[in-house]
Structure formats: structure tokens, C-alpha cells
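Me: I've got a structure open and I'd like to learn how to read it. Can you walk me through it, feature by feature?

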Amino acid sequence: MVNLVSGIKVVGDRTLKIIERIGAVAAFLFSILLHSKVSFKRFSLTIREVYYAGVQSLIIILVSGLFVGMVLGLQGHETLQRYGSEDSVGVLVALSLVRELGPVVSALLFASRAGSAITAEIGLMKATEQLSAMEMMAVNPMSRVVAPRFWGGVISLPLLALLFSAMGIIGGYLIAVVLIGVDSGSFWSQMQSAVDFEHDIVNGVIKSVVFGVAISAIATFEGYEAPPTAEGVSGATTRTVVSSSLAVLALDLVLTAFMLKGWN
Amino acid sequence: MERSTLNLWVGIFVLLGFFSFLMLAFKVGNLNLSGNKDTYIVIAHFDNIGQLKERAPVRSAGVLVGRVKAIQFDSKQYNAEVKIAIDSQFHFPVDTSASILTSGILGEQYVSLDAGGDEKYLKNGDQIKLVQGAVVLEKLIGQFLYNKAQDSSTDKGAAK
């Protein structure tokens, strides 16, 4: 009986801690927005972060996109040919990429490639007291260090997701049309008649913007709040990847539910 | 890294992202440059619309001439009111008939317009009088079975 009560207490305690942490990230996000003026005034700061978060993630995003598209082409063709509708493989590849896999997989890759790097960088700046040194020189680390990294992530992720989807469709085309021999005309025409610009492509972009905000906020928060030790920074980096991946998947469910039902 | 090289790479990255957006919009999606073409709305009342959805194609002679704009239940006539947006470059006579057909056996449902012979054309807000709703497979099978049963009973009656 005592064990049961203490077990329930642990559950309550954990839940409160999770809610507290979500609240802290939200407050941190609000504070980033308040300190964002410098990121746009001195845009070179943000451009530098777009380079580190976006351009340097290009290889992993492009290669993954190509392979995911190829696998979708193979699997889709394998299943659809049983029903004699292998021409629809283009629709399957495009819709799965534009609606779901493009935004979600690129967000997961972005969280592990760029999110963890942002956390480690800010965490190490804190551990080596660079942030305190900035404060001593009357430079606000929130506007000089955190906000540009946040906006760099928010700008990069939607572009990476678009590139992922485009590469995936090229991968699907290579497998289905070039390798297997599905008719090229029906591949594109069926795709065009099924994919809607507003309902599929724009909604996919909206998703990736939301994921970009979530991942960048979590990554900068974890770095900024990391204990200034080697262990603390490594723990914060791990937490960034875990919590931002979970946040992406949870947000994806909520956004998909809204988008399928319509916003009103 | 030197600032100009960095700017160049970010520029290339943004342009690549922009081009993939354009590729998705024009090559993959159905957005074309005359995207929001002028349309006019005509209304058709169907007894049964089957699986017809909003944004379903409207074809005439197999060519896409418009899309289903809205579907709602008419609570006065107890049937389905379908608003059809037709591209303004296509004109149909007032005695045009509308029917709901299925593309292929398992395909999506669409509205088919068969032009009539009248000299007056349909205008915005007009109603299509000649309509044929979707074929409901269950009703068709039910009717077939009923006819079959009736035939066999008349055969038995004749045998007696």
C-alpha cells in the first residue's frame, strides 16, 4: 500500500516537473522574441547561424531525402502493382513526402544535427564563462548569442524540409520511372491531380516552421540552462535531441489533426 | 570562415530552398500560373452524391472544366446542393445535364457535364435542372436481387 502511494507520488512529481519544464521553455521562447531586435538589425549574425544550422545540414538532408524517396518508390510500386495501379506511385511518394515525411524526418535530422550543436555550443560558452564575460561587457547574451541561433534554426528548417521533399520526389522518380519503367507522363500527371498546393504543400511548410520554432527554442533553452560542467553539457545535448524529437512527433499529431479537419 | 563566402553559401542554400518550393508548387502540386482563374458558380441538386467531395473535378467530354466548390444538405428539398465552380472560359447551355460518375472502378467520383442544345448559356448562380445522382451499388444489387426473385416466382407461377 505504501509502495503504491509512493509510486503515485513519483508519477505526480514527474508530471509536475515536465509541465514546469514546458513552461520554462515557453517563458524562454517569449524572452527570445523580446530580444530578437538585434538578430534582424545585424542580420549578418543570423546569416552566420543559417550557415551553421542550415547549409551544414544540407548533405544529410539531401542524401536522406533521396534515399527515403527511393524506398517509397520501391515499396509503393511493390504494393500498388498488386492492384494494377502502379501509375499512382507518384501520388503515394509525393503525398507521403510533402505532408508527413518531409517536415517530420527533416525536423528529426535537424534536431540531431543542428539542435544538438546549438545546445553544445551555448552550453560550452556558459561553462567557459563566455556568457558571463559578455554580461560584464554589457552585451546581452540573449540578444547576441541565443536569438540569432534561434532565428537561424527557424529560417533553415522549412528550407531543409522543402529540399528533403523535392529530393525525395526525384528519388521516387528515379526508382519508379527510370529503373522500374512506370510511365513518366502518368507519374507526373497523377501526382499533379492529387497533390493540392494549399492543402498539402503549404500545410507541410507550416508544419516545418512550427517544428523549427520548437527545436530551436528547446536547443537554445537546454544550452542556456545547462549546468556549466562537462557532464552538464553532455546531458543537455542528449536532452535536446530527446525532447525536441518527442516535441516534433507530438506537434505533428496535433497539427495533422487540425489540418485534416480544417482549421475552423 | 570569410564573411563573403559564408554569405554566398547561405545565398545558394536559400535559392535552393526557393527552387524546391517552386518545383513542389508547379511540378508536383496543381498550381499553375493562372492559378486563381475566374470562375462562375452553378448549382445542382442531387438525390445522392455518393462519395463526391469538395474540390472534386468537374469534367465535360473528359476535360477538366471546373471543380466542386461546396456541398451542403438542402433542408427544404431534402437533397444535396452541390455548388460547381466552372472556369469562365467554358460556357454551357442552360439545358446542360450534370451527373456524378466514377473514374475507373475504384477511382474518385466527379461531376460530368453534358452540354445541351439551348442557345442561352448558364450564368453565375443558375441551377442545372437535368441531374443524375451517383449510382449506389447496394441499391443496384438490391434491385437486381428483387427482379431475380420476381422472375423466379413468375416462372413458378407459369409452370403451375
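**Reading the fold**

Reply: Start with the order of elements: from the N terminus on, chain A runs α-α-α-α-α-α-α-α-α-α. Keep in mind that this is a predicted model.

Me: How many helices and strands does chain A have?

Reply: Chain A has 10 helices and 0 strands. Its C-alpha trace spans about 65 × 60 × 40 Å along the principal axes.

Me: What share of chain A counts as buried?

Reply: For that you look at each residue's relative accessible area, and under 20% is called buried. Of the 264 residues in chain A, 46% fall in that class. As for the outside, chain A exposes about 12,800 Å², with 68% of that supplied by carbon and sulfur atoms.

Me: And what do the contacts tell me about sequence separation in chain A?

Reply: Take the contacts in chain A with a separation of 6 or more: 83% of them come from residues 24 or more positions apart.

Me: Let's zoom in on one residue. Is Thr46(A) buried or exposed?

Reply: Thr46(A) sits in helix H3, residues 43–53 of chain A. Its relative accessible area is 0%, so Thr46(A) is buried, the cut-off being under 20%.

Me: What does Thr46(A) touch?

Reply: Leaving out residues up to four places away in sequence, Thr46(A) touches Ser39(A), Pro148(A), Trp151(A), Gly152(A) and Ile155(A). For Ser39(A) there's a polar detail too: its backbone oxygen lies 2.7 Å from a polar atom of the Thr46(A) side chain.

Me: Now the other chain. How do I read the interface between chain B and chain A?

Reply: Begin with contacts, then area, then polar pairs. Here 23 residues of chain B are in contact with 28 residues of chain A. The two chains bury about 2,400 Å² between them, 79% of it on carbon and sulfur atoms.

Me: Which three residues supply the most of the area that chain B buries against chain A?

Reply: Those are Phe13(B), Leu24(B) and Val28(B), which supply 28% of it, more than any other three residues.

Me: How many salt bridges are there between chain B and chain A?

Reply: The count is 0 salt bridges, and 1 residue pair is in polar contact, with both residues at pLDDT 80 or more.

Me: Which residues make the nonpolar surface patch on chain B?

Reply: Val135(B), Leu137(B), Leu140(B), Ile141(B), Phe144(B) and Leu145(B) make a patch of about 610 Å². Take Leu137(B), found in helix H2, residues 137–159 of chain B. Its relative accessible area is 55%, so Leu137(B) is exposed, the cut-off there being over 50%.

Conventions: Residues are numbered from 1 along each chain as its sequence is written. Chains are lettered from A and ligands numbered from 1 in the order in which they are written. This is a predicted model: local features need pLDDT of at least 70, side-chain atom pairs count only at pLDDT 80 or more; totals for chains, interfaces and linings use all residues. Side-chain values use heavy atoms; hydrogens and water are left out. Helices (H or I, at least four residues) and strands (E, at least two) are DSSP runs, numbered from the N terminus. Buried means under 20% relative accessible area, exposed over 50%, partly exposed in between (1.4 Å probe, protein chains only). A polar contact is a pair of N or O atoms within 3.5 Å; within protein, one must be able to donate a hydrogen and the other to accept it, and residues adjacent in sequence count only if both atoms are side-chain atoms. Contact means heavy atoms within 4.5 Å. Patches are made of residues with over 30% relative accessible area and no salt bridge: like charges are joined within 9 Å, nonpolar side chains (Val, Leu, Ile, Met, Phe, Trp, Tyr) within 5 Å. Accessible areas come from the Shrake-Rupley method with a 1.4 Å probe; for residues, only the protein chains shown count as cover. A salt bridge is a side-chain nitrogen of Lys or Arg within 4 Å of a carboxyl oxygen of Asp or Glu. Buried area is the accessible area (1.4 Å probe) that two parts lose on being put together, summed over both.
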